[in-house]
Amino acid sequence: MKRQRNLRPSKRGLAMFGLGYLTARLLARLRSRGHGAGGSEDSDGNDGNEAPFLHSRRIVHNAGEAIISADDDNRIVLANPAAASMFGVSVQEMQGSPLDRFIEAPNHHRGGPPDYFRSDGRAGRRGTDYAGTGMRAGGERFAIEGSIADTLQDGRTLYTIILRDVSERERVQRKLARSHDQLRQLSAALQTIREEERTHIARELHDDLGQLLASLRMDLTLLRDACGSTPEAMHLIKGMDSNLLTAITSLRRIATNLRPRALDEGGLFFALQGLRDDFVERHGIACTLLADEAELRLDDAASTAIFRIVQEALTNVARHAQASSVTMTLYRIDHQLLVTIRDDGRGIREEDMDKAESLGLIGMRERVWGLRGEISVSADEPPGTRIDIVLPVTGHTV
Ligand SMILES: Nc1ncnc2c1ncn2[C@@H]1O[C@H](COP(=O)(O)OP(=O)(O)O)[C@@H](O)[C@H]1O
Ligand SMILES: [Mg+2]
C-alpha cells in the first residue's frame, strides 16, 4: 500500500515542487537522449526553457542539505553532492542506483520511496520529517530524517527526498538520556541515605537521650523525697522538673519531625494521621484524611515516599496557599494507589511549577517517578490547588 506524504503548502513545499519539476525534466531529457537514469549530470539541454532548469539545478547542486529524487521503481534519478558525501559515494555512483543501496527499507513489501521511511517515524522538529536508516558505502548504518514529496510527471510519480544525517544528534540524545538516568538514580540513592540517617538519628534521640531525660526526672522525684522540702528546694526542683518535661517534649517533636515512629511501627495510615493532627494544631487549617488503614499497608519504600510527598504538599499549603481547608484522599483501585491532595487556597500558577529554585515539587515528582507512578499538579476548580498521584503498588504491599 502506498502512503502519500505531501508537504503542506509552504516555502519548503514550493522548493520540493521545484525539485520535482527539475527531476522530471532531467528524466525526460535523459530518456529522449537514450541514456539511462544515471547519465552525466552535466549534459546540457537545448530546448527553449533552459534558464529556469539550469537555475534549479544549480540550487540543488549547491544545497547544503542532501537531496535525492527517486522514481516509482525506487531508482535514484538525481542526487546532489551533499547526498553523495553523506553516503560516502560519488554523485555518478548514486544516480541510477536502487534506493535500497542507501536507505534501508523497514517494510519488505514496499511500494515506492515513502515506504523507506517508518510510518510511525514522525521524527524531527517539522511535522513532515520521517525517520529512517541510511547505509554508507562502507556498510555503516546511521539514523536519518527525511522529508518526502511527490509530483506527478507524464503519468509517473517522482519523489523528492531531503535527507539529514541525525546520527550525531541521536548519539547526544542517548548520552543526555543516560546522564538524566544517572542523575535520577543518584537523587534516589541520596534520598534513601538521607532517610536512613534520619531514622538512625531519630532512634538515637528517642532511645538514648529520651531514656536519659526520663530517668533524670525519676531521680529528681527521689531527690525531692530524700532531701526534705525547704520551700527553696521545692521551688528549684519544680523548675527543674518542668524544664525536663519541656526537653522531653522537644526531643519527641524533633525526633518525629526527622522520622515519625508511626511510619516504622504503625504504618502509613497512622503516620498520616499524626501528620494531619500536627498540621491542624500548628497552622489552624482544617485537614481531612480520607483513607482506609488496610489499603495503606505498604512496604518501607512506598510508605516513606507517600509520607514525604504528602508532608511536602501540606508544607506548601501552609506556606503558599492561604487555604482554610485541605482534603487528602488515598484509595486503592486494583494494583494502583490513587492519592489526591486538594486545598481551597489561591491556586498554584503555571509559572510556579517551573521555578528553578523550588525543589519541593521537583522532589515530589522524583519520588513518584522513582515508584513508576504519575503525578499532576494543577490549579483546581473552584480556586485551590490539586495534586493527583497514581502509584502502582504491586510488589509494595505487606
Ligand atoms: N498549594 C499551593 N497553593 C498555591 N501555590 C503553591 C502551592 N504549592 C506550591 N505552590 C507554588 O509553587 C511554588 C513551588 O513549590 P515548591 O517546589 O514546593 O517550592 P517552595 O515551597 O520551596 O517555594 C511555590 O513557591 C508556590 O508559589
Ligand atoms: Mg515547598
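Begin by selecting ligand 1 together with helix α9 (residues 300–321), because α9, a helix in the sense of a DSSP run of H or I with at least four residues, numbered from the N terminus, gives the shell around this ligand its largest share, five residues. This is a predicted model, in which local features need pLDDT of at least 70 and side-chain atom pairs count only at pLDDT 80 or more, while totals for chains, interfaces and linings use all residues. Residues are numbered from 1 along each chain as its sequence is written, and chains are lettered from A and ligands numbered from 1 in the order in which they are written.

Next, show the 16 residues that surround ligand 1 (C-beta atom, placed from the backbone, within 6 Å of it); the closest are Asn316, Asp352, Ser358, Gly360 and Leu361. Helices α9 and α10 each supply at least two residues of this shell.

Now select the five strands (DSSP runs of E, at least two residues) of the open sheet, which follow the order β7-β8-β9-β11-β10 with mixed pairing (at least two DSSP bridges between two strands). At its edges lie β7 (286–291) and β10 (374–379), each of which pairs on one side only. Strand β7 runs parallel to β8 (residues 325–333) over six bridges, and Cys287 has Val326 in β8 as its bridge partner.

Finally, return to α9, which packs on the sheet and touches β8, β9 (336–343) and β11 (385–392), a contact being C-beta atoms, placed from the backbone, within 7 Å. Helix α10 (residues 360–370) also packs on the sheet, where it touches β10 and β11.

Key
Two residues are in contact if their C-beta atoms, placed from the backbone, lie within 7 Å. Axes are lines fitted to C-alpha atoms, for helices over the stretch in contact, and angles run from 0 to 180 degrees between N-to-C directions.
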